[in-house]
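Here is a short report for a first look at this structure. It moves from the whole chain to one sheet.

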Amino acid sequence: MLDIFDPRTFARGIPHDALRTLRDTEPVSWQHEPEIGIWPAGPGFWAVTRYDDVRHVLRAPADFSSALGATQIRDPDPADLPFIRRMILNMDPPEQVRLRRLVTGAFTRRRLERFAAAVRARAVALLDAVAGRPFDLPREVTDDFPLQNLADLLGVPAADRALLLHWTNRVIGYQDPEHAEVATDAAGRPVNPRSPAQLADMFDYAAALAARKRAEPADDVMTALCHAEVDGQRLTDAELKMFFFLLVVAGNDTVRSALPGGVLALLGNPEAERRMRGDPALLGTAIEEMLRVHPPVLTFRRTVARPAELGGRQLAPGDKVVVYHVSAHYDERRFPDPFRFDPAREPNEHLAFGQGPHLCLGAAFARLQMREFLTELLTRPPLHLDGEPRRLTSNFINGITSLPVRW
Ligand code: HEM
């Protein structure tokens, strides 16, 4: 059996050979979930590796539920499930649709574009600070960038930004010894970082921020969420806090992965970079191609809600299903010559932002940040690799923790 579960595998690199073999021979394959380190074993899951199947699963929430077992590979503590299901990510239609109508209005293009100048100024300042010397791209530039942009978008004061970083590391980086802030219970077992008890400080903060935005409205997303109203309905305080939590984790590590992922693609394809420098209009398609070759989210989980057939397999209610975006993006059945980085690739219907009802709400803001950062980067001398990149130990986020470069 080819293992594509172990988070340590992804720290060494994307297991492209194994994924290709699975696509060709066993597109829906059973994966074991053995105990790893301090993390207990799980029941196992179906791994979905072909583009068409991944897309189908994401578009069929009545068959493949986000609510039944939530959306992370590791099963949540059953006691925490009702709480976790209050997050839009872990809902199914029609509840998800109701909430989505309430929050969508906060992310209008007009509001997002208002942040473009600040995003560009931040890229300039961060790149100026490393001009003319070797540096580590994630640690010195791209880790801070999305965090500060997100804080701006949400209306979080600059003094509180470190809190955002702390929370996102606690929730996302927990499989990686370097980033983990794993709390343990009295018996030394890890406590799920997404359990309510672990998040109390963040929820208190969200409640206080909402109170401030109600008193002093501003042109930011938190203010918009506090005042959002559709058909006479508003977000409850609990929904608002949960949504803040989701934005903090969803809007940070993803862009933090996308930027070094994109730069790595340029480093490996100097010819493509030369083309982009000569033709700035290529940036739009190049960004989509970066998200295809380096999808910031490797996988997402669903749970079978009613008997279903997929890739010739019979799936039973309760089975765990994990879709591999990172495999779908290299599926030769969909993308000609998938290992080639083509900055002009069209069509390019990648699944980096998901598909179906949960399609990423922050996609426009993510693209805006990539656009501003890369536009600024390409006004400067080309970068060269200056050491071994290091990757995050995670089967969820396609993280690059170190990328030494020189001008
Ligand atoms: C390159 C960066 C990003 C990537 C690759 C990404 C990826 C994704 C994916 C794959 C989903 C769907 C999850 C599923 O199928 O269950 C999603 C949902 C979501 N994303 Fe993003 N995301 C990015 C940036 C952002 C940003 C910047 C924000 C907020 C400012 C954000 C907010 C959200 C929210 C709120 C959802 C949930 C939508 C729902 O459940 O209806 N994302 N994202």
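## Burial and surface

A residue counts as buried when its relative accessible area is under 20%. By that cut-off, 57% of the 407 residues of the chain are buried. The model is predicted.

What area does the chain expose? The value is about 16700 Å². Carbon and sulfur atoms supply 54% of that area.

## Overall build

The chain holds 18 helices and 14 strands. Its radius of gyration is 21 Å, and the globule rule gives 22 Å for 407 residues, so the chain is as compact as a globular protein of that length. The C-alpha trace spans about 60 × 55 × 45 Å along its principal axes.

Contacts reach far along the sequence. Take those between residues at least 6 apart: 71% of them join residues at least 24 apart.

## Charges

The chain carries 50 positive and 54 negative charges. How far apart are their mean positions? They lie 2 Å apart.

## A five-stranded sheet

Strands of a sheet pair through backbone hydrogen bonds, either parallel or antiparallel. One open sheet here has five strands, in the order β1-β2-β10-β7-β3. Its pairing is mixed. Which strands form the edges? They are β1 (28-33) and β3 (64-65), and each pairs on one side only.

Inside this order, β10 stands next to β7. Strand β7 covers residues 299-304, and strand β10 covers residues 320-324. The two pair in the antiparallel sense over five bridges. One residue pair shows the match: Thr 299 has Tyr 324 in β10 as its bridge partner.

Note on methods. Residues numbered from 1 in each chain as written. Predicted model: local features only at pLDDT ≥ 70, side-chain atom pairs only at ≥ 80, totals over all residues. Heavy atoms only, no water. Helix = DSSP H or I, 4+ residues; strand = E, 2+ residues; numbered from the N terminus. Rg over C-alpha atoms; globule rule 2.2 N^0.38 Å. Buried < 20%, exposed > 50% of the residue type's maximum accessible area, 1.4 Å probe, protein only. Contact = heavy atoms within 4.5 Å. Areas by Shrake-Rupley, 256 points an atom, 1.4 Å probe, with all protein chains shown as cover. Lys, Arg positive; Asp, Glu negative; His and termini not counted. Charge placed at Lys NZ, Arg CZ, Asp CG, Glu CD. Pairing = 2+ DSSP bridges.
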